[in-house]
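This report accompanies a molecular structure and is intended for a reader who is new to the subject. Please examine the sequence and the structure before reading on.

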Amino acid sequence: MDSSQIKRKINRFRILIIGRANAGKTTILQRVCNTKENPEIFNSAGQKVTCTCISWQHKLTFSQRGEHDIDNEMIFQNNPGFIFHDSRGFEAGGESEYDKMNKFIAGRSKQGNMKDRLHTIWYCIPMDQASRCFTEAEVKFFSRCDTGSIPVIVIFTKFDALYAAEFTRLIENGISRKDAKQLAPKHAEESFANGTQVKLLYDPKIIQRPPKCHVCLPDMNKDDADCGALIERTAGTLDDQVLQQLFVSTQQTNLELCMTYAVEKYLPHHLPAASIIDYRPGHLQSLLPKMRCPHLGLK
Ligand SMILES: Nc1nc2c(ncn2[C@@H]2O[C@H](COP(=O)(O)OP(=O)(O)OP(=O)(O)O)[C@@H](O)[C@H]2O)c(=O)[nH]1
Ligand SMILES: [Mg+2]
């Protein structure tokens, strides 16, 4: 199937994003869709959820308009190829909220039609809170929630919150302020990768249903934010090649990934063996414009 056939069949790539209030969920979705706009929200009947009583006294906030109703679909005009479902998890609501989420995931994983299924779950855990332990809700999700074949990726959001402590540690070790500022992000990533939180996440004694992988995202609120790592990890966790092609061609923030998948994964299956490619950069560049790769959105 080429990408236009895939798009006709599955239509849109559907993602559930979960995380505590203020975890940075909406910011990530905006980044992935390369926009600062809020999404349009549709209920499960496909009707737009609109705000009918806007006045300065009655102005509803974005979240009151249904952003966190897990059944609602959120679509950004800038990239309507993604459908998002947003959930604040079940931090406030306990069992009934958990059951609602569980039911939603179970229902969406059983849908006969591929286009109605959930294709990926992103679970956000923010790093900017005093206690950086997992909440009860998070432990419960990763111990009990059966997500079937839907891949789950943990996103450690607001990762830049760890830089200050790392900066201080470097200064205490005699590094200059200038160097410490430059080194802090890399050091923070290294100590985090070997730290308790990551170990806990994959410890079978505590977490019976671990995520497929995790990714650390700093500074998503900044104009030059880069969500490339999330896009790459998500593509890498999709076992189904059709879904992987759909995701790679739907996302528009990581062109490099499009090229990598085109050259390394898909072209070899679509070209006669004799025409397979010299990977030297100069040669490849001269070859690509002559090729038609509609399954990747490259024409
Ligand atoms: N420092 C820092 N701030 C961030 C980052 N991502 C988001 N923020 C800020 O965190 C705040 C909350 O971000 P949102 O994206 O609205 O969080 P949310 O999870 O959608 O919040 P709710 O919908 O209310 O649950 C905003 O002020 C963002 O600018 C980040 O990577 N680093
Ligand atoms: Mg939000």
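The following paragraphs describe a ligand shell, a nonpolar core and two backbone angles.

The model is predicted. Ligand 1 is surrounded by 19 residues, and the closest are Gly24, Lys25, Thr26, Thr27 and Asn221. Helix H2, which covers residues 25-32, supplies the largest share of this shell, namely three residues. By residue type, the shell around ligand 1 consists of eight polar, six charged and five nonpolar residues.

The largest nonpolar core comprises 52 residues. Those with the most contacts inside this core are Ile17, Trp122, Tyr123, Cys124, Ile155, Phe156 and Leu217. When residues up to four places away in sequence are left out, the contacts of Leu217 include Ile28, Ile155, Phe156 and Phe159, as well as Cys227 and Leu230.

Most residues other than glycine have a negative phi. The table lists two residues with a positive value.

| Residue | Phi | Loop |
|---|---|---|
| Asn22 | about 70 degrees | between strand S1 (13-19) and H2 |
| Lys158 | near 50 degrees | between strand S6 (152-157) and helix H5 (163-172) |

Are these two residues buried or exposed, or partly exposed? Asn22 counts as partly exposed because it has 13 C-beta neighbours inside 10 Å. Lys158 has 23 other C-beta atoms within 10 Å, and a residue is buried if 20 or more lie within that distance; therefore Lys158 is buried.

Notes
Residues are numbered from 1 along each chain as its sequence is written. Chains are lettered from A and ligands numbered from 1 in the order in which they are written. This is a predicted model: local features need pLDDT of at least 70, side-chain atom pairs count only at pLDDT 80 or more; totals for chains, interfaces and linings use all residues. A residue is near a molecule or strand if its C-beta atom, placed from the backbone, lies within 6 Å of it. Helices (H or I, at least four residues) and strands (E, at least two) are DSSP runs, numbered from the N terminus. Ala, Val, Leu, Ile, Met, Phe, Trp, Tyr, Cys and Pro count as nonpolar, Asp, Glu, Lys and Arg as charged, and the others, Gly among them, as polar. A nonpolar core is a set of buried Ala, Val, Leu, Ile, Met, Phe, Trp, Tyr and Cys residues joined through C-beta atoms within 7 Å. A residue is buried if 20 or more other C-beta atoms lie within 10 Å of its own, exposed if 12 or fewer, and partly exposed in between; C-beta atoms are placed from the backbone. Two residues are in contact if their C-beta atoms, placed from the backbone, lie within 7 Å.
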